[in-house]
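Visitor: Please take one strand of this structure and go through it closely: its surroundings, its partners and the residues that face each other across the pairing. A short look at some other parts afterwards would help with orientation.

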Amino acid sequence: MTDHEVVIAGGGPTGLMLAGELALARVDVVIVERRLSQDLAGSRAGGLHSRTIEVLDQRGIADRFLAQGQVGPVGYFAAVPLHLGDLPTRHNYLLALRQERIERILAAWVDELAVPVHRGREVSGLVQDATGVDVELSDGRSFRAEYLVGCDGGRSLVRKRAGIDFPGWDPSISYLIAEAEMAVEPPSGIRRDEKGTYALGKLEDGKRVRIVLREERVGQGDEPTFRELREALVGLYGTDYGLHDVTWLSRFTDMTRQAASYRNGRVLLAGDAAHVHSPMGGQGLNLGVQDAVNLGWKLAQVVNGSSPESLLDTYQTERHPVGARVLKTTMALTALSRGDDRMDALRETMSELLRMDEPRKRSAAMMSGLDIRYDLGAGNPLLGRRMPDLDLVTERGPQRVFTLLHQARPVLLNLGEPGVLDVTRWANRVQLVDGRYTGQWNLPVLGPVAAPSAVLIRPDGYVAWVGDQSQQGLADALFTWFGPPAAA
Ligand SMILES: Cc1cc2nc3c(=O)[nH]c(=O)nc-3n(C[C@H](O)[C@H](O)[C@H](O)COP(=O)(O)OP(=O)(O)OC[C@H]3O[C@@H](n4cnc5c(N)ncnc54)[C@H](O)[C@@H]3O)c2cc1C
């Protein structure tokens, strides 16, 4: 007897997104969150990339984020501007929005979906067996769950207690990050020296200053002192600008590690619990939200009995390589953030390359997450790639593809002769939509591709099968992704 089908440790961006995905699939899920509210001390992530905005759009909630943020047409790779305007997506921009706001919007969505959030307590231990996990809480209580997902950040207790290794690279640089007032107006902007970058900039209130300073030596712990901040400021700027009233002070590093496995039995990891890296390139939150969208529907199908547990293996095979690539990219960005003559020369070379159309488009697609291709085998170029948000004409009138995904249910989209495809034996799981689309199919990086006459779209928006009215391979794909058919 379980208390809940799924317990999520941690209600940051990843845990909240996962909870929403599971709730849409009617899974009995709860979040256990250490913080008493969604308040977030200081600044962390500053925005969302295109693919993350797309996955939110697939759930019908992108507008909530767009309404509170500011869109910008340019991204960056190692300070080299990357124009995003010609990325083939509706969301061909960066959305500047602070993490606290992102979390609040996600928390409100999760609340609408009636997910209980147990705040002010921690997951303090776990014991798993063949049928479930006993999740111990800091208040002495415990929950029995079928699955536990650790979305509890870089220091994940769940990861440690599940005995999952976290190999990678120790930090090569550390930064102090703070919000404070200064008696003297400081210079705004980013500076660079042979050890790294540092920056000062006014916060939204026009009064406080956001301070990010590389440290002389790699610092330890995330509770640095006022004195360390002052000394670092004087060391880099020659003055402390009358620093006072520090409202927030923390430290981050470029430590780069990835969980050896995203799953041990009934315990799974997502977000920072599964990977940590330098914030350069603004990837972490985006990666975590997309982990959650990959895992959510799979875990839901396993929990509700429509798919075997082996479906969860595809979470690892699909998301681990995506995380590994982000780790490598952030390591490159950290190296390129140094400002000695050789690094300056390398950055100039990169900058020349990235001014060329093809490399720019590739890098923009990579940084925005639009170029992800899960390895679902050889075949049509659409296979394993994100489904574009086409403007369809259906029997219900004009409809966007992403609208069909709002309930996180798979879609078999028939673009050929209506009424020919048959999913009767998966009808309780897969929506069959007859539609017409006459425009071009244009994919990130690849450019135009031939229009298929039918595609099977997973709840996370990735294409699981491409075919035609012969339906060749369709039953296999339905079986693989959505479980055995209902008895005839
Ligand atoms: C300075 C800085 C700048 C950044 N900039 C960007 C950026 O621009 N773009 C970007 O995408 N990313 C950025 N990031 C990274 C981003 O902040 C993280 O990747 C993101 O917060 C990860 O989300 P998460 O939900 O996986 O983990 P977290 O946000 O760490 O959330 C984990 C949650 O779990 C809770 N918790 C922890 N332990 C327990 C426990 N035992 N029991 C219950 N609850 C627990 C915590 O209270 C927390 O709410 C930045 C990070 C830093 C430090």
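Guide: What follows starts with one strand and its partners, then turns to a few helices and another sheet.

The model is predicted. The strand chosen is β11, residues 142-150, in which 7 of the 9 residues are buried, so β11 is largely enclosed by the rest of the structure.

Strands of a sheet pair through backbone hydrogen bonds, in a parallel or an antiparallel sense. Strand β1 (residues 4-9) runs parallel to β11, and 5 bridges link the two. One position in this pairing is A9, whose bridge partner in β11 is G150. Strand β20 (residues 267-269) also pairs with β11 in the parallel sense, over 3 bridges. Here L148 stands opposite V267 of β20.

The pairing with strand β10 (residues 133-137) is antiparallel and has 4 bridges. V135 has F143 of β11 as its bridge partner. β10 and β11 make up a hairpin with 4 residues between them, and in that turn G140 has a positive phi of about 90°.

Another glycine with a positive phi is G60, near 75°, which follows helix α2. Helix α2 covers residues 50-58 and is mostly covered, with 9 of its 9 residues buried. Among them are the charged residues R51, E54 and D57.

Q99 belongs to helix α4 (residues 99-112). Its relative accessible area is 7%; because the cut-off for buried is under 20%, Q99 counts as buried. Beyond its neighbours within four places in sequence, Q99 contacts P13, L40, R44, A45 and L285.

L285 lies in helix α7 (residues 284-303), whose axis comes within 10 Å of that of helix α8 (residues 313-336), the two crossing at roughly 175°. Angles over 145 degrees count as roughly antiparallel, and α7 and α8 therefore fall in that class. Residues of α7 in the contact include L287, D291 and K298, while those of α8 include Y315, R319 and V326. By type, the contact residues are 5 nonpolar, 4 polar and 4 charged.

Another sheet is open, with 6 strands in the order β23-β22-β25-β24-β28-β29 and mixed pairing. Its edges are β23 (397-400) and β29 (463-467); each has a single partner strand, so one side of each lacks a neighbour in the sheet. On average, neighbouring strands are turned by 35° against each other, direction ignored. Inside this order, β24 (residues 411-414) and β28 (residues 454-457) run antiparallel and are joined by 4 bridges. L413 stands opposite V455 of β28.

Key:
Residues numbered from 1 in each chain as written. Predicted model: local features only at pLDDT ≥ 70, side-chain atom pairs only at ≥ 80, totals over all residues. Heavy atoms only, no water. Buried < 20%, exposed > 50% of the residue type's maximum accessible area, 1.4 Å probe, protein only. Contact = heavy atoms within 4.5 Å. Axes fitted to C-alpha atoms, helices over the stretch in contact; angles between N-to-C directions. Parallel < 35°, antiparallel > 145°, perpendicular 65-115°, else oblique. Pairing = 2+ DSSP bridges.
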